[in-house]
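Visitor: I would like a close look at a single part of this model, the place where two helices pack against each other. Could you take me through it slowly, and then set it beside the other contacts?

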Amino acid sequence: MSLEILLLLEKGIWFGFAALGFAVLFNVPQRALIIIWLMGATGGLTKLLLMHMNTDIVLATFAGATLVGILSVSAAHNKHAPPLVFSIPAVIPMIPGAFAYRMMLGLIKLSGTATTSETYSQTLGETASNGLKTLFILMALAVGVAIPMLISRKETIKKIRHKSDADGG
Amino acid sequence: MLLDIGTLLMSNGASTGRVRTTVNRIAEALGYEVELLITSRSLMLTVTEENGSDYTSSVRRTPPHGVNFKLVSGISRLSWRVIEENLTVEQINEDIIRLTSLPHYPRLVVLLLVALAGASFCRLFGGDAIEMIIAFIATFSGLFIRQEAIKMRFNPYLAIVFASFTATLLSGLPFKLGLSGTSEHALATSVLFLIPGVPLINALTDLIDGNTLNGIVRGVNGLIISFAIALGLMVAMKICGI
């Protein structure tokens with residue numbers, strides 16, 4: 001059991017580095033880099049932990065992305081940068097690269113080498129399954145990140161109105 | 001000046017709603033009312049003085065989209081400072097010039113960290129140490145090729161095809177030559193640095209926000225990038241015979 005936890009934590013470290021690489025690619029301000037590393041690791045660990053408890057991968061990804069989205073709002077307040085600066089690099093490590101790749105491979109097979117009808121229908125099934133997983137995980141990521149961002153923006157707008165009202169009065 | 005801010009935000013990875021809020025915030029602080037028409041390639045606005053005595057309209061083309069979050073967060077902070085410190089137009093202009101000239105990270109740092117991200121992806125998908133090294137090298141060269149192609153003013157989508165082709169070729173060759181037992185993890189992760197995360201997430205934000213047209217435009221842009229990645233991947237895989 002303790003070995004499993006260690007293995008999970010090790011993956012968390014890699015999640016963090018993957019997020020960091022994208023943060024640098026997107027030219028994020030330096031003061032945000034450590035936060036992004038932490039948020040990437042937290043989101044990734046949440047997803048892995050939920051999957052460890054037999055949650056569906058789509059739902060687990062959604063939970064991880066939502067957590068990142070919520071964290072990014074408070075990070076935005078502390079570090080004075082828009083939330084998307086934190087949340088986008090932090091969720092990118094959760095992108096379903098392996099599924100997308102298998103789907104591509106399947107599509108290539110379908111268009112060329114799968115000749116007999118038996119292998120064809122088998123490949124077709126695998127490809128559809130991988131493709132749908134990719135699609136739903138991507139949607140879960142985007143929605144998970146976007147919902148807290150939309151809520152937080154409403155709060156910000158309220159703040160502005162408040163301020164100009166106070167100025168006017 | 002407001003046009004500058006709007007087009008800068010739009011072309012550097014801010015969502016439509018954010019462009020609108022920020023431009024409105026600055027205009028209000030300066031005592032103007034502003035109406036905006038935001039599309040992905042151009043920005044149109046009408047500025048009215050608060051007593052309605054004078055107004056002016058103007059259109060500006062938006063430069064090709066890239067991602068630079070330092071600029072987005074810089075302008076967001078600037079807009080708050082305009083309210084709190086009552087900056088004048090000249091001061092704001094100076095600040096924008098300062099923000100646009102802020103340096104990117106050094107090229108080698110970007111290359112190394114993104115390559116490290118590629119290796120991390122490989123580990124996350126269950127690759128071993130050898131595959132991680134392969135993914136590191138493939139990502140490094142792929143990003144290098146993309147930067148060079150953009151410098152030579154190739155079409156941005158074509159630059160992505162080149163990059164994904166290089167990365168896949170480099171991660172597929174060791175498998176072909178029998179140096180590595182499995183290639184799947186390295187192959188799958190070496191092109192991940194190209195994924196259009198910002199266009200796709202911004203597309204969804206715009207759609208939820210009611211900016212349907214801009215959301216669709218961004219989504220299609222993300223889709224074309226994905227197809228460009230797939231094209232490079234496919235050609236390289238045919239060459240490697242996988």
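Guide: In this predicted model, the residues of helix 3 of chain A that meet helix 4 of chain A are Ala65(A), Val68(A), Gly69(A), Ser72(A), Val73(A), Ala75(A) and Ala76(A), and on the other side, in helix 4 of chain A, they find Pro83(A), Phe86(A), Ser87(A), Ala90(A) and Val91(A). Sorted by class, the residues of this contact comprise nine nonpolar and three polar ones, with no charged residue among them.

To describe how two packed helices lie, one gives the angle between their axes and the distance between the axes. Here helix 3, which covers residues 57–79 of chain A, and helix 4, which covers residues 83–91 of chain A, pack at an angle of about 150 degrees, and their axes are 8 Å apart. Since an angle over 145 degrees counts as roughly antiparallel, helix 3 of chain A and helix 4 of chain A are therefore roughly antiparallel to each other, and the crossing in which helix 3 of chain A passes helix 4 of chain A is right-handed.

Beyond this pair of helices, there is also the contact between the two chains, to which chain B brings 45 residues and chain A brings 38 residues. Helix 5 of chain B, with ten residues, gives the most to the side of chain B that touches chain A, and that side has 28 nonpolar, ten polar and seven charged residues.

Definitions and conventions. Residues are numbered from 1 along each chain as its sequence is written. Chains are lettered from A and ligands numbered from 1 in the order in which they are written. This is a predicted model: local features need pLDDT of at least 70, side-chain atom pairs count only at pLDDT 80 or more; totals for chains, interfaces and linings use all residues. Axes are lines fitted to C-alpha atoms, for helices over the stretch in contact, and angles run from 0 to 180 degrees between N-to-C directions. Helices (H or I, at least four residues) and strands (E, at least two) are DSSP runs, numbered from the N terminus. Angles under 35 degrees count as roughly parallel, over 145 as roughly antiparallel, 65 to 115 as roughly perpendicular and the rest as oblique. A crossing is left-handed if the near helix is turned anticlockwise from the far one by less than a right angle, and right-handed if clockwise. Two residues are in contact if their C-beta atoms, placed from the backbone, lie within 7 Å. Ala, Val, Leu, Ile, Met, Phe, Trp, Tyr, Cys and Pro count as nonpolar, Asp, Glu, Lys and Arg as charged, and the others, Gly among them, as polar.
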